[in-house]
Protein chains: 4
Amino acid sequence: MESIHQNTDAPASATFLNLPEEKQQRVYQAALDEFSAHGFGSASSNRIARALGIAKGSLFQYFGNKERLFHYVFDRVAGQFAEPLRSVRDATRDEPLGQRIREALLTVSAFLEAHPEVYRLYTRMLFQESFPLRETLLSRVRSLSTKYWRSLVEDAKARGELRPDVDMEAAVFFLDALMDRFFQARTLPYMDTGFGLHDDARLDACIDALVSCIERGLIAPC
Amino acid sequence: MESIHQNTDAPASATFLNLPEEKQQRVYQAALDEFSAHGFGSASSNRIARALGIAKGSLFQYFGNKERLFHYVFDRVAGQFAEPLRSVRDATRDEPLGQRIREALLTVSAFLEAHPEVYRLYTRMLFQESFPLRETLLSRVRSLSTKYWRSLVEDAKARGELRPDVDMEAAVFFLDALMDRFFQARTLPYMDTGFGLHDDARLDACIDALVSCIERGLIAPC
Amino acid sequence: MESIHQNTDAPASATFLNLPEEKQQRVYQAALDEFSAHGFGSASSNRIARALGIAKGSLFQYFGNKERLFHYVFDRVAGQFAEPLRSVRDATRDEPLGQRIREALLTVSAFLEAHPEVYRLYTRMLFQESFPLRETLLSRVRSLSTKYWRSLVEDAKARGELRPDVDMEAAVFFLDALMDRFFQARTLPYMDTGFGLHDDARLDACIDALVSCIERGLIAPC
Amino acid sequence: MESIHQNTDAPASATFLNLPEEKQQRVYQAALDEFSAHGFGSASSNRIARALGIAKGSLFQYFGNKERLFHYVFDRVAGQFAEPLRSVRDATRDEPLGQRIREALLTVSAFLEAHPEVYRLYTRMLFQESFPLRETLLSRVRSLSTKYWRSLVEDAKARGELRPDVDMEAAVFFLDALMDRFFQARTLPYMDTGFGLHDDARLDACIDALVSCIERGLIAPC
DNA sequence: TATGAATGAGCCTTCATTCAT
DNA sequence: CATGAATGAAGGCTCATTCAT
């Protein structure tokens, strides 16, 4: 039920929500670009307005202040993350763990390529000491990913694919860590340690090698 | 011979280098604190000078500008990272891979606990889009870590510990990714997916579980 | 006949005057609250509109600009002042001067208590250097009070109550000054010099003591 | 004992205090002019800087923020008030009450004529609802005046000049009220009810008439 | 007629940097 | 060489006012 009173938690004002969808989209994109390029503290409302060709004051009419504008952008970003994860999970429900990981990597890779600023904003925020609502916003995104890997691991366990002595929480952490870094390496060349992930031609081979490490580890069985 | 032109490669001026070691150290620490707390763009030279109780002008006499001050700080930080890695590598030369990983995790954990700002600065910079000399500075640090894991993997391979079909570069990437995230989880609670790494009491158990994943992977051998 | 040019003498537009009485009253009250709380310069049309839940544009349609809105409010305020003064003057017509003063103090005290923003707006404007129509508006209010005391003094003179050598204008000034301060002290605690006027329990005693000073002065007759 | 640490209560920074006395004076005067003309909220730091022909930033280097600049100005103003009151009290110690009042009025009149902005600032602040440190600052000034009149009244009582039944606190309030309004009328024409106080030629006559009201009251002795 | 999006001037404040002393 | 006063650009934000719908 919609309340008559303004929801003060809602980052965007009614004024903004009444704008034509297309203008909302432009504002969102300009703000996302700015925040993903400069972080929260160094982002400039002035620059955003200039890039949009609108008056400074309008931005503040839409969002009240920089913090709420950021909040709005981050909310939409978090929403965009959820989509591809959900779809790939459902689409691969009946496949073995290794294959599910493979497909997740490919799906999310494609998403990141299409929305590089989205991922840049996320990683940036991860290590930005202080920005508004840090805890709330980050744990929301983190839990998306954690839940995803946990569901995969549990499915695998239920099907008896897992080594019986494997610690479930360790496995979730292990997958989350590898995937996170996989995406970082796809986005930032120097995170790639010479592996070659950023080279699209080698992507499949890299994924195979990595999944092999995940599946069977590094050490020779005696 | 001193050139009339500022040597852009040397962040610190002769003036600064002639200062008593102890004052250099204080300046370094104050700047590190500021940069690690606020990043590059939002760090304030004013605040650094105020914290040190010296004139703002002095900072600029020492380093010319904020960028070179940052450069100087990051250089020293990178140096500090190298130390514990080198020492733990040498100290564990003859042990099996799993054990070497275990000890690396413990050693670096201890280092991070002692120098939280050092690690904070590093992670911050990792994802800060634009700061001076980004490429140069980051690849220097990254390669420290990469080299470390590569040497471990190569030693293990030479000793026949590794699964014979394992891709060496994949293994390096794999270890680098896990370790990086391990340290992040130790520092930032919400990076720890529920695994429990930030809880000192469970640290040993967690490390064992994680190393087990690294050694033998997730999938049951048929 | 409506002129094309805005009639600068009439603060409120026909549009406003055609509004239901009750809405006019709400607008007046909201504007009075804002002006009495923030003065003219720092009052915010935005805030008034927000408090009323009407569009900012409407306020400007009603009054053209902030200045005329203020003018309108002050006009009504001045009108409200006149009422209690008139009624207490008429009601005490036949009593001696001291008693008339006593009753005036009580009547106006009651009025101020009921309409604190009215008095706050007045005192505020008294010393606000620059606001539109300052001279016009203030002299209108001032003359209300002056006329009131003059009529009291003249009545007393006609009845032979006054010291024969008393300067009439001095007496008017004298009473106006005391009364003004009396009301200030009732409203603002630190205007009360320790006398105790803001303490309702002591009000009667204070008034008696003060009226005694007014009637017979401070100095012992020789 | 002077502390090494900056007294954070001190409105002016060391930077400002190190300025040549003459420049400090110019800054003080410009700020006083601005605050007395516009009050606290509507005063503009920009305007002050422009009037001084200095950079905006300098003002903030001197005082940190607008509030502390205001505080500084008000402090100096309060100090200036104290001076003439003290000197006239001491100079008239042995004279009868009426004469002491007469001389106080003349002395303070002269002071106000020389420093109109000082008095304007004071009256402005009296009725300005909200400005920083309102309570502290105003009660400091108020008590100057209250103390002055109380000492006069007590001296008169001790010498047997007073009507024996006069309430001491009422007398203090009575004098404070009359004097305050006297000065207002000297400064703001429309506070002068037609008495003529703003006309320098009539000043002496007005004072005599007013002091006569104070001494013997309005009512004929029976 | 009421609306409310748009505007740009102006506000307070912080900053990196310069330079005379 | 250290100092710290001076600077002006830029930042976030609020405001009165306009005008198309």
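The exercises below work through chain contacts and salt bridges in a predicted model.

Residues are numbered from 1 along each chain as its sequence is written, and chains are lettered from A and ligands numbered from 1 in the order in which they are written. Local features need pLDDT of at least 70 and side-chain atom pairs count only at pLDDT 80 or more, while totals for chains, interfaces and linings use all residues; side-chain values use heavy atoms, with hydrogens and water left out.

**Exercise 1. Relating chain C to chain D**

Task: State which turn and shift lay chain C on chain D, and find the residue of chain C that comes closest to the rotation axis.

Solution.
- Step 1. Two copies of a chain are related by a rotation about an axis and a shift along it. Superposition is by least squares on the C-alpha atoms of residues with pLDDT of at least 70 in both copies.
- Step 2. A turn of 178° with a shift of 0.1 Å along the axis lays chain C on chain D, with an RMSD of 0.4 Å. That is the relation of a two-fold axis.
- Step 3. The C-alpha of G217(C) lies 1.6 Å from the rotation axis, the closest approach among the residues of chain C.
- Step 4. Both copies use the same surface, since 98% of the contact residues of chain C recur in chain D. Contact here means heavy atoms within 4.5 Å.

**Exercise 2. The interface of chain C and chain D**

Task: Describe the extent of this interface, its polar links and the elements that build the side of chain C.

Solution.
- Step 1. Chain C brings 59 residues into contact with 60 residues of chain D.
- Step 2. About 5400 Å² is buried between chain C and chain D, 63% of it on carbon and sulfur atoms. Buried area is the accessible area (1.4 Å probe) that two parts lose on being put together, summed over both.
- Step 3. Of the area that chain C buries against chain D, 16% comes from F127(C), F173(C) and L218(C), more than from any other three residues.
- Step 4. Six salt bridges cross between chain C and chain D; a salt bridge is a side-chain nitrogen of Lys or Arg within 4 Å of a carboxyl oxygen of Asp or Glu. R181(C) and D176(D) form a salt bridge, at 2.4 Å from N to O.
- Step 5. There are 22 residue pairs in polar contact across the interface of chain C and chain D (both at pLDDT 80 or more). A polar contact is a pair of N or O atoms within 3.5 Å; within protein, one must be able to donate a hydrogen and the other to accept it, and residues adjacent in sequence count only if both atoms are side-chain atoms.
- Step 6. Helices α7 (116–126), α8 (134–158), α9 (168–187) and α10 (203–216) of chain C each give two or more residues to the side that touches chain D, and α9(C) gives the most, with 15 residues. Helices are DSSP runs (H or I, at least four residues), numbered from the N terminus.

**Exercise 3. The interface of chain B and chain A**

Task: Give the contact counts, the buried area and the salt bridges for chain B and chain A.

Solution.
- Step 1. In chain B, 58 residues are in contact with 61 residues of chain A.
- Step 2. The buried area is about 5400 Å², with carbon and sulfur atoms giving 63%. F127(B), F173(B) and L218(B) lose the most area to chain A, together 17% of what the side of chain B buries.
- Step 3. Chain B and chain A share six salt bridges. In one between R216(A) and D165(B), the closest N and O atoms are 2.8 Å apart.
- Step 4. The count of residue pairs in polar contact is 21 (both at pLDDT 80 or more). α9(B) supplies the largest share of the side that touches chain A, 15 residues.

**Exercise 4. Salt bridges within chain B**

Task: Decide whether R47(B), E34(B), R163(B) and D165(B) are buried or partly exposed.

Solution.
- Step 1. Buried means under 20% relative accessible area, exposed over 50%, partly exposed in between (1.4 Å probe, protein chains only).
- Step 2. R47(B) and E34(B) form a salt bridge (2.7 Å, N to O). R47(B) is in helix α3 (residues 45–52) and E34(B) in helix α2 (residues 21–38) of chain B, so the pair ties together parts 13 residues apart in sequence.
- Step 3. R47(B) is partly exposed at 32% relative accessibility, whereas E34(B) is buried at 8%.
- Step 4. R163(B) and D165(B) also form a salt bridge (2.7 Å, N to O). R163(B) is buried at 4% relative accessibility, and D165(B) is partly exposed at 45%.
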